Amino acid sequence: AAEVTEKIASIGKVTKDSEAAIKEARAAYDALTSAQKKLVTNYDVLDEAELQLEIIKGTAVTTKFSLVGDDVHGSSGHVSYSTWIANATITVKSGSKASDVIVKAFKQYGYSIIGSTSYISGVTTPSGVSLKAFDNGSGSGWMYAVNGEAPSVGMADYVVKENDAVILYYVDDYMDTKIPA
């Protein structure tokens, strides 16, 4: 793991000539066991270097992301949903999933996920307030949409394209198919 950490650290400022070093560091990282990968302390540097290289090459994907939440009010008392993150520009590597866009936006804005990237059961705001599935009734929880429509696959499977608009939104009743604009 130390050798991989060093390979990543040696990437330095990303230019068009960095591709070989980035690929070498990626291959070395991918060859590690799960336990060894946990010892690599600068994986985020490799991930960002790959993104920067894609931006230089013109292959990165730029999306928009919005997060629409609610107050915890139980099964009654709903007034309206509120936009927590509005139309943020999020750039990800080609082949990225909607869940990657969400994770990057959350990291950028200080939010955290409760659950996993395949099923977000809750969201914690930067101020520490959490809104979870079932907080506002038995049908409440988090859903996602892309370009105003609910995809037929989960967020961990939906591959985003250039200019896709990803929205993660809370509903009091999952049967209500209205997607926030």
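These are my notebook entries on a predicted model, taken up element by element.

**Entry 1: helix H1 and its surroundings**

I began with helix H1, residues 2–9, and looked up which of its residues are buried; they are Val4, Thr5 and Ile8. These three cover an arc of only 100° around the axis, so they sit on the same side of H1. That fits the rule that an α-helix has 3.6 residues a turn, so residues three or four places apart point the same way. On the other side of H1 I found Ala2, Glu3 and Glu6, which are exposed. I then asked which helices the buried residues of H1 pack against, and noted H2 and H4.

Asn42 caught my attention next, a residue in the loop between helix H3 (34–37) and H4. Is Asn42 buried or exposed? With a relative accessible area of 11%, Asn42 counts as buried, because the cut-off for that is under 20%. Leaving out residues up to four places away in sequence, I listed Thr5, Ile8 and Ala9 as what Asn42 touches; Thr5 and Ile8 had already come up among the buried residues of H1.

**Entry 2: the four-stranded sheet**

I traced an open sheet of four strands in the order S2-S1-S7-S6, with mixed pairing. Strand S2 (82–92) and strand S6 (141–146) are at its edges; each has a single partner strand, so one side of each is without a neighbour in the sheet. Averaged over neighbouring strands and with direction ignored, the turn of one against the other is 20°.

For the mixed pairing I went through the partners of strand S7. S6 and S7, the latter covering residues 165–171, run antiparallel to each other and share six bridges, whereas S1 and S7 are paired in the parallel sense over five bridges. On the S6 side I wrote down that Tyr144 has Leu168 of S7 as its bridge partner, that Val146 is bridged to Val166 in S7, and that Met143 stands opposite Tyr169 in S7. On the S1 side, Lys64 has Ala165 of S7 as its bridge partner.

I also checked how far these strands are covered. Six of the seven residues of S7 are buried, so S7 is largely enclosed by the rest of the structure. What about S6, which stands at an edge of the sheet? Five of its six residues are buried, so S6, too, is largely enclosed by the rest of the structure.

Helix H5 packs on the sheet, where I noted contacts with S1, S2, S6 and S7, and its direction makes about 110° with that of S2.

**Entry 3: the nonpolar cores**

Which residues have the most contacts inside the largest nonpolar core? In this core of 25 residues they are Phe65, Leu67 and Leu168. The elements that give two or more residues to it are S1, S2, H5, strand S4 (120–124), S6 and S7, and H5 provides the largest share, five residues.

For Phe65 I drew up the contacts, leaving aside neighbours within four places in sequence; among them are Ile85, Ala88, Ile90, Val101, Ile102, Ala105, Phe106, Val166 and Leu168. A second, separate core has 13 residues, including Val4, Ala28, Val40 and Leu53; Val4 is one of the buried residues of H1.

**Entry 4: aromatic pairs**

I counted ring pairs whose centres lie within 6.5 Å, and the count came to six. In the pair of Tyr29 and Tyr43 the centres are 4.7 Å apart and the planes stand at 35°, so I recorded the pair as tilted. Tyr29 lies in helix H2 (residues 19–30) and Tyr43 in helix H4 (residues 43–57), 14 residues apart, so that the pair links distant parts of the chain. Tyr29 is buried, with a relative accessible area of 11%, while Tyr43 is partly exposed, at 28%.

Phe65 and Phe106 form an edge-to-face pair, with 6.3 Å from centre to centre and 65° between the planes. This pair also links distant parts of the chain, with Phe65 in strand S1 (residues 61–69) and Phe106 in helix H5 (residues 98–109), 41 residues apart. Both residues are buried. I closed the entry with the cluster to which Phe65 and Phe106 belong, in which ring pairs also link Trp84, Tyr111, Trp142 and Tyr170.

Key. Residues are numbered from 1 along each chain as its sequence is written. This is a predicted model: local features need pLDDT of at least 70, side-chain atom pairs count only at pLDDT 80 or more; totals for chains, interfaces and linings use all residues. Side-chain values use heavy atoms; hydrogens and water are left out. Rings of Phe, Tyr and Trp (its six-membered ring) pair if their centres lie within 6.5 Å; planes under 30 degrees apart count as stacked, over 60 as edge-to-face and the rest as tilted. Buried means under 20% relative accessible area, exposed over 50%, partly exposed in between (1.4 Å probe, protein chains only). The arc is that of the directions from the helix axis to the C-beta atoms. Contact means heavy atoms within 4.5 Å. Two strands pair if DSSP finds at least two bridges between them. Axes are lines fitted to C-alpha atoms, for helices over the stretch in contact, and angles run from 0 to 180 degrees between N-to-C directions. A nonpolar core is a set of buried Ala, Val, Leu, Ile, Met, Phe, Trp, Tyr and Cys residues joined through side-chain atoms within 4.5 Å.
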